[in-house]
Amino acid sequence: TATLADICTTDIVPVDLNAFLFMLESTIATLAAQAGDAITARAFEERAVARRAAVLAHLWNTAQGAFFDFDWCQARQRSGLTAACVAPLFAGLADATHAQALAETVSRRLLAPGGLSTTERSSDQQWDQPNGWAALQWMAIRGFRDHGHAALADTIAHRWLATVAAVYEREGKLVEKYALRRQVHET
């Protein structure tokens, strides 16, 4: 079981943070162009293009069909799949090939009866199984839907909403995170 002493957040180049930065850079470029500021628009478009190239070069894993955080101290990708792998879809960084591979990987490795698992790892930590977080569900639903995977988006949405509704009916409240049951592989 991991402890707080095992956490090495400053060693990691995170998928989700870089996807959000790409989205921000792209948005600034668009807004600057609309405002007639060509210099700022060009500068932020260049940043977004460079970030996308770096994310695809260092965080995309073709063999596993997903984005993984990168440990820059060890100069390698992290091995644990997390639901943050959907952030590049949500941010518009990923293309149709990435979306297809992610749909297959997420369906096989992170989809649980109650929604999208935060990680594949079970632990007593809040960011691991069996927990699910609303923001990750939303990014997955929007990202898959935006990339033509409406059936998967609908599956995640229905499972998540059923989980939230069940807890609300039982406890009369909405909570920060929800315990998801482990996936039963369906054939």
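Glutamine 137 is buried, with just 1% of relative accessible area. This residue sits in helix H5, and the structure described here is a predicted model. What does glutamine 137 contact, once its neighbours within four places in sequence are left aside? The list runs to Gly115, Leu116, Gly132, Ile156 and Trp160. One of these names, Ile156, comes back in the next part of the picture.

That next part is the largest nonpolar core, a set of 38 residues. Within this core, Phe67, Cys85, Leu102, Phe144 and Ile156 are the members that touch the most other members. Which helices and strands each supply at least two residues of this core? They are helix H1 (15-34), helix H2 (38-58), strand S3 (66-67), helix H3 (87-90), helix H4 (96-109), helix H5 (134-146) and helix H6 (150-171). A separate core of 6 residues lies apart from this one, and its members include Val164, Val167, Tyr178 and Leu180.

Leucine 102 gives a handy view of the packing. With residues up to four places away in sequence not counted, leucine 102 touches Trp60, Gly65, Ala66, Phe67, Cys85, Leu89, Ser107 and Phe144. Among these, Phe67, Cys85 and Phe144 also belong to the group in the largest core that touches the most other members. Cysteine 85 itself is buried, at a relative accessible area of 0%.

Cysteine 73 tells another story. This cysteine is partly exposed, with a relative accessible area of 44%, and is found in the loop between S4 and S5. How far apart in space are cysteine 73 and valine 13? Their C-alpha atoms are 9.9 Å apart, while 60 residues separate the two in sequence. As for bonds between cysteines, a disulfide is a covalent bond between the sulfur atoms of two cysteines. The count for this model comes to 0 disulfides.

The loop that holds cysteine 73 has another residue worth a look. Alanine 75 is found there too, between strand S4 (70-71) and strand S5 (76-77). Most residues other than glycine have a negative phi. What is the phi of alanine 75? The angle is near 55°, a positive value in a residue other than glycine. Is alanine 75 buried or exposed? With a relative accessible area of 58%, alanine 75 is exposed.

Charged side chains come next. Searching the whole structure turns up 8 salt bridges. One of them links glutamate 25 with arginine 51, and the closest N and O atoms of that pair are 2.8 Å apart. Glutamate 25 belongs to helix H1 and arginine 51 to helix H2, so this pair ties together parts that are 26 residues apart in sequence. The two partners sit in unlike surroundings: glutamate 25 counts as buried at 9% relative accessibility, whereas arginine 51 is partly exposed at 22%. Why does glutamate 25 count as buried? Its relative accessibility is 9%, and buried means under 20%.

Glutamate 171 takes part in salt bridges as well. Its side chain meets that of arginine 170 at 3.5 Å, N to O. Glutamate 171 also forms a salt bridge with lysine 173, where the closest N and O atoms are 3.9 Å apart. Through shared partners, Arg170, Glu171 and Lys173 are joined into one network. How open to the outside are these three residues? Arginine 170 is exposed, with a relative accessible area of 59%. Glutamate 171 is partly exposed at 41%, and lysine 173 counts as partly exposed at 43%.

Aromatic rings add a little more detail. A search of the whole structure finds 3 aromatic pairs. In addition, arginine 47 lies over the face of phenylalanine 44, at 4.4 Å from the ring centre.

A last stop is the loop between H5 and H6, where glycine 148 lies. Glycine 148 is exposed, with a relative accessible area of 63%. Where along the chain does alanine 96 stand relative to glycine 148? The two are 52 residues apart along the chain, and their C-alpha atoms are separated by 8.3 Å.

Key: Residues are numbered from 1 along each chain as its sequence is written. This is a predicted model: local features need pLDDT of at least 70, side-chain atom pairs count only at pLDDT 80 or more; totals for chains, interfaces and linings use all residues. Side-chain values use heavy atoms; hydrogens and water are left out. A nonpolar core is a set of buried Ala, Val, Leu, Ile, Met, Phe, Trp, Tyr and Cys residues joined through side-chain atoms within 4.5 Å. Buried means under 20% relative accessible area, exposed over 50%, partly exposed in between (1.4 Å probe, protein chains only). Helices (H or I, at least four residues) and strands (E, at least two) are DSSP runs, numbered from the N terminus. Contact means heavy atoms within 4.5 Å. A salt bridge is a side-chain nitrogen of Lys or Arg within 4 Å of a carboxyl oxygen of Asp or Glu. Rings of Phe, Tyr and Trp (its six-membered ring) pair if their centres lie within 6.5 Å; planes under 30 degrees apart count as stacked, over 60 as edge-to-face and the rest as tilted. A charge sits over a ring if NZ of Lys or CZ of Arg is within 6 Å of the ring centre and within 35 degrees of the ring normal. A disulfide is a pair of cysteine sulfur atoms within 2.5 Å.
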